Amino acid sequence: MTSSGTMRHSPRAVLFDMDGTLVQTEEHWGEAMFALAARLGGEMSPAARQRTVGTSMRTAMAVLHEDLGVTRSERQLLADAAWVEDETARLMTDDVHWQPGARELVAAVRAAGLRTALVTTTPRRLASLVLGHIGAVAPGVPAFDVTVCGDEVPALKPDPAPYRQAMAALGVRPEECVVVEDSQAGIASGLAAGAAVLGVPALQAVTPAPGLVLRESLVGVGVDELGAVLAARDDVLADQLSR
């Protein structure tokens with residue numbers, strides 16, 4: 001208890017999204033999809049691109065095909081998705097950068113002894129490329145205790161399954177966790193899993209929701225700020241129970 005008699009809020013675990021949240025790789029996915037659109041004889045609109053942020057490859061391909069006004073068979077859709085993944089992997093091989101403030105936040109969380117997870121819709125083979133670039137945040141200190149990728153879960157974001165799987169692997173309860181996300185689908189997934197969520201939208205507008213705190217970037221965010229996100233969610237729950 002603090003001197004004011006209120007419970008001190010501090011998460012036991014912080015669960016991070018990858019593309020667009022921690023690293024500047026969402027642009028690679030966009031570049032690959034714009035290139036695929038050109039291969040199909042069209043140009044994807046910026047609005048369609050925004051709708052694909054944080055979604056599954058199947059959803060992203062459906063959005064792109066609809067935007068172009070083309071009809072693709074199931075086999076063609078899978079081939080388009082594979083082409084985008086391969087092109088994104090090529091771009092990721094040589095060019096992965098942290099988002100502003102992201103490395104400092106992960107390092108601060110690790111220094112505080114909190115558990116960490118990377119929870120991404122990206123397949124393992126591409127996530128491994130990013131993890132290779134990220135490396136350790138301090139000598140002998142890996143960035144994450146657990147990594148959960150899009151091809152390792154029963155359902156993708158916005159379903160809560162990815163975050164619930166990570167929480168189980170970390171051995172923590174939802175109410176002890178803060179999720180850090182940039183997309184509407186990822187935020188919905190974290191909230192549905194029972195976590196407090198810090199949203200840092202960049203390429204996509206995000207709808208405010210109970211349990212969600214929005215910031216423009218991760219610059220200046222540390223463990224205390226994550227505790228405030230958890231406290232804001234708990235205040236919402238307490239208010240709901242008092243009604």
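**Close-up views of a predicted model**

E85 is a buried residue, its relative accessible area being 17%. The model shown in these views is predicted.

**View 1. The salt bridge between E85 and R125.** The side chains of E85 and R125 form a salt bridge, with an N to O distance of 3.7 Å. Distant parts of the chain are linked by this pair, since E85 belongs to helix α4 (residues 74-94) and R125 to helix α6 (residues 124-134), 40 residues apart. Whereas E85 is buried at 17%, R125 is partly exposed, with a relative accessibility of 43%. Burial of E85 follows from the cut-off, because a residue counts as buried under 20% relative accessible area.

**View 2. Packing of helix α1 on helix α4.** Helix α1 (residues 26-39) packs with α4 at an angle of about 135°, and the two axes lie 9 Å apart. The arrangement is therefore classed as oblique. The crossing of α1 past α4 is right-handed. On the α1 side, the contact is made by H28, W29, E31, A32, M33, A35, L36 and R39, which meet D80, W83, V84, E85, E87, T88, L91 and M92 of α4. E85, the salt-bridge partner of R125, is thus one of the α4 residues in this contact.

**View 3. The buried and exposed faces of helix α5.** In helix α5 (residues 102-111), the buried residues are A102, L105, V106, V109 and R110. Viewed down the helix axis, these residues fall within an arc of 130°, so they line one face of α5. The face turned away from this buried side carries E104 and A111, both of which are exposed. The packing partners of the buried residues are the strands β1 (13-16), β2 (115-119), β3 (136-138) and β4 (141-142), together with helix α9 (223-242). Just after the helix, G113 adopts a positive phi of about 80°.

**View 4. The salt bridge between D145 and R115.** D145 and R115 form a salt bridge in which the closest N and O atoms are 3.5 Å apart. D145 is placed in the loop between β4 and β5 (146-148) and R115 in strand β2, so the pair ties together parts of the chain that are 30 residues apart in sequence. Each partner is partly exposed: D145 has a relative accessibility of 32%, and R115 has one of 30%. Strand β2, which contains R115, is also among the elements against which the buried residues of α5 pack.

**View 5. The salt bridge between R233 and D234, and a salt-bridge network.** R233 and D234 are joined by a salt bridge whose closest N and O atoms are 2.9 Å apart. R233 is buried at 6% relative accessibility, while D234 is partly exposed, with a relative accessible area of 24%. Elsewhere, R12, R173, E175 and E176 are joined into one network by salt bridges that share partners. The model contains 16 salt bridges in total.

**View 6. The surroundings of L191 in helix α8.** L191 belongs to helix α8 (residues 184-192). Its relative accessible area of 24% makes L191 partly exposed. Leaving aside residues up to four places away in sequence, L191 touches V197, A209, P210, G211 and L212. L191 and R115 are separated by 76 residues in sequence and by 19 Å in space, from C-alpha to C-alpha.

Methods
Residues are numbered from 1 along each chain as its sequence is written. This is a predicted model: local features need pLDDT of at least 70, side-chain atom pairs count only at pLDDT 80 or more; totals for chains, interfaces and linings use all residues. Side-chain values use heavy atoms; hydrogens and water are left out. Buried means under 20% relative accessible area, exposed over 50%, partly exposed in between (1.4 Å probe, protein chains only). Helices (H or I, at least four residues) and strands (E, at least two) are DSSP runs, numbered from the N terminus. The arc is that of the directions from the helix axis to the C-beta atoms. Contact means heavy atoms within 4.5 Å. A salt bridge is a side-chain nitrogen of Lys or Arg within 4 Å of a carboxyl oxygen of Asp or Glu. Axes are lines fitted to C-alpha atoms, for helices over the stretch in contact, and angles run from 0 to 180 degrees between N-to-C directions. Angles under 35 degrees count as roughly parallel, over 145 as roughly antiparallel, 65 to 115 as roughly perpendicular and the rest as oblique. A crossing is left-handed if the near helix is turned anticlockwise from the far one by less than a right angle, and right-handed if clockwise.
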